[in-house]
Amino acid sequence: MKNITDSFLCLSYWPSAGSFGFNTDILATNLINLSVVLGVLVFFGKGVLSDLLDNRKQRILRTIRNSEELREGAIEQLEKARARLKKVEKEADQFRVNGYSEIEREKLNLINSIYTTLEQLENYKNETINFEQQRAINQVQQRVLQQALQGALGTLNSCLNNELHLRTIGAHIGMFGAMKEKNN
């Protein structure tokens with residue numbers, strides 16, 4: 001027991017800390033305070049900090065996963081858009097080629113139509129010329145015939161006298177009578 005009492009007694013030999021007050025040694029007190037605060041933070045904050053870091057890690061991983069999914073979706077949409085673009089370009093080229101061939105076909109149809117119309121106009125022109133020539137020929141023939149008849153009548157009137165006229169009428173009547181007897 002003596003050892004225990006000696007140890008208590010030994011405590012009595014320690015210098016007393018003195019009364020409660022402010023320690024003016026800034027360096028010593030800051031280091032002690034910092035070490036105590038850090039120790040308490042590490043001891044108690046280790047779980048909280050670990051949970052916060054785990055949550056942060058999970059959010060980052062989730063964000064990365066979502067980003068990867070969005071990236072894959074965007075790549076898929078890009079490929080679809082490229083395929084649609086190629087299809088539309090192919091259709092546009094086809095429409096362009098069809099349009100050019102349609103234009104050429106319409107052009108040929110128009111040229112053929114114009115040639116047909118020109119041929120018809122040429123035929124109408126020739127028919128009109130022929131008609132006018134025939135009309136002119138008919139008019140000339142009528143005038144010539146009228147003049148010839150007038151000349152013949154004039155000649156007949158001047159050459160015929162009453163006696164010749166009566167003989168001609170009699171001869172014609174005799175011819176008609178002979179024809180009538182033949183028919184009966």
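**Close-ups of an all-helix predicted model**

**View 1. Arginine 135 and its partner, glutamate 132.** With a relative accessibility of 41%, arginine 135 counts as partly exposed, since the cut-offs put that class between 20% and 50%. Keep in mind that this is a predicted model. What does the side chain of arginine 135 meet in a salt bridge? Here it's glutamate 132, with 3.5 Å from N to O. Glutamate 132 is partly exposed too, because its relative accessible area is 37%. The two sit three residues apart in helix H2, so about one helical turn separates glutamate 132 from arginine 135. An α-helix has 3.6 residues a turn, so side chains three or four places apart point the same way.

**View 2. Glutamate 102 with arginine 105.** Another salt bridge shows up here, and its closest N and O atoms are 2.4 Å apart. Why is the separation about one helical turn for glutamate 102 and arginine 105? Because they're three residues apart in helix H2. Glutamate 102 has 33% relative accessibility and so counts as partly exposed. Arginine 105 gets the partly exposed label as well, because its relative accessible area comes to 43%.

**View 3. Aspartate 93 with arginine 96.** In this salt bridge the closest N and O atoms lie 2.6 Å apart. Both residues belong to helix H2, and the three-residue spacing between aspartate 93 and arginine 96 is about one turn of the helix. At 39% relative accessibility, aspartate 93 is partly exposed; arginine 96, with a relative accessible area of 43%, is partly exposed too. As a rule, side chains of opposite charge can pair when their charged atoms come close. For the overall tally, a search of the whole structure turns up six salt bridges.

**View 4. A nonpolar patch on the surface.** Which residues make this patch of about 820 Å²? The members are Leu108, Leu110, Ile111, Ile114, Tyr115, Leu118, Leu121 and Tyr124. Take leucine 118 as one of them: this residue sits in helix H2, which covers residues 26-159. Its relative accessibility is 47%, so leucine 118 counts as partly exposed.

**View 5. Two phenylalanines, ring against ring.** The structure holds one aromatic pair, and it's made by phenylalanine 43 and phenylalanine 44. Are these rings stacked or edge-to-face? They're edge-to-face, with 4.9 Å from centre to centre and 85 degrees between the planes; the edge-to-face label applies because it takes planes over 60 degrees apart. Phenylalanine 43 and phenylalanine 44 are both exposed.

**View 6. The stretch from residue 64 to residue 98.** UniProt, in an unreviewed entry, lists residues 64-98 as a "coiled-coil region". In the model, this span is 100% helix and 0% strand. Its end C-alpha atoms lie 50 Å apart.

**View 7. Helix H3, residues 162-183.** How does the span of H3 stack up against 1.5 Å a residue? The 22 residues of helix H3 should span 32 Å, and its end C-alpha atoms are 32 Å apart, so the two agree. The number of buried residues in H3 is zero, so this helix lies largely in the open.

**View 8. Zooming out to the protein chain.** Following the protein chain from the N terminus, the elements run α-α-α, which fits a count of three helices and zero strands. Of its 184 residues, 1% count as buried. About 17,700 Å² is exposed, with carbon and sulfur atoms supplying 62% of that area.

Note on methods. Residues numbered from 1 in each chain as written. Predicted model: local features only at pLDDT ≥ 70, side-chain atom pairs only at ≥ 80, totals over all residues. Heavy atoms only, no water. Patch = residues over 30% accessible without salt bridge, like charges linked within 9 Å, V, L, I, M, F, W, Y side chains within 5 Å. Areas by Shrake-Rupley, 256 points an atom, 1.4 Å probe, with all protein chains shown as cover. Salt bridge = Lys/Arg side-chain N within 4 Å of Asp/Glu carboxyl O. Helix = DSSP H or I, 4+ residues; strand = E, 2+ residues; numbered from the N terminus. Buried < 20%, exposed > 50% of the residue type's maximum accessible area, 1.4 Å probe, protein only. Phe/Tyr/Trp six-rings, centres within 6.5 Å; stacked < 30°, edge-to-face > 60°. UniProt positions renumbered as here; feature names shortened; annotations may be inferred. Expected span 1.5 Å × (residues − 1).
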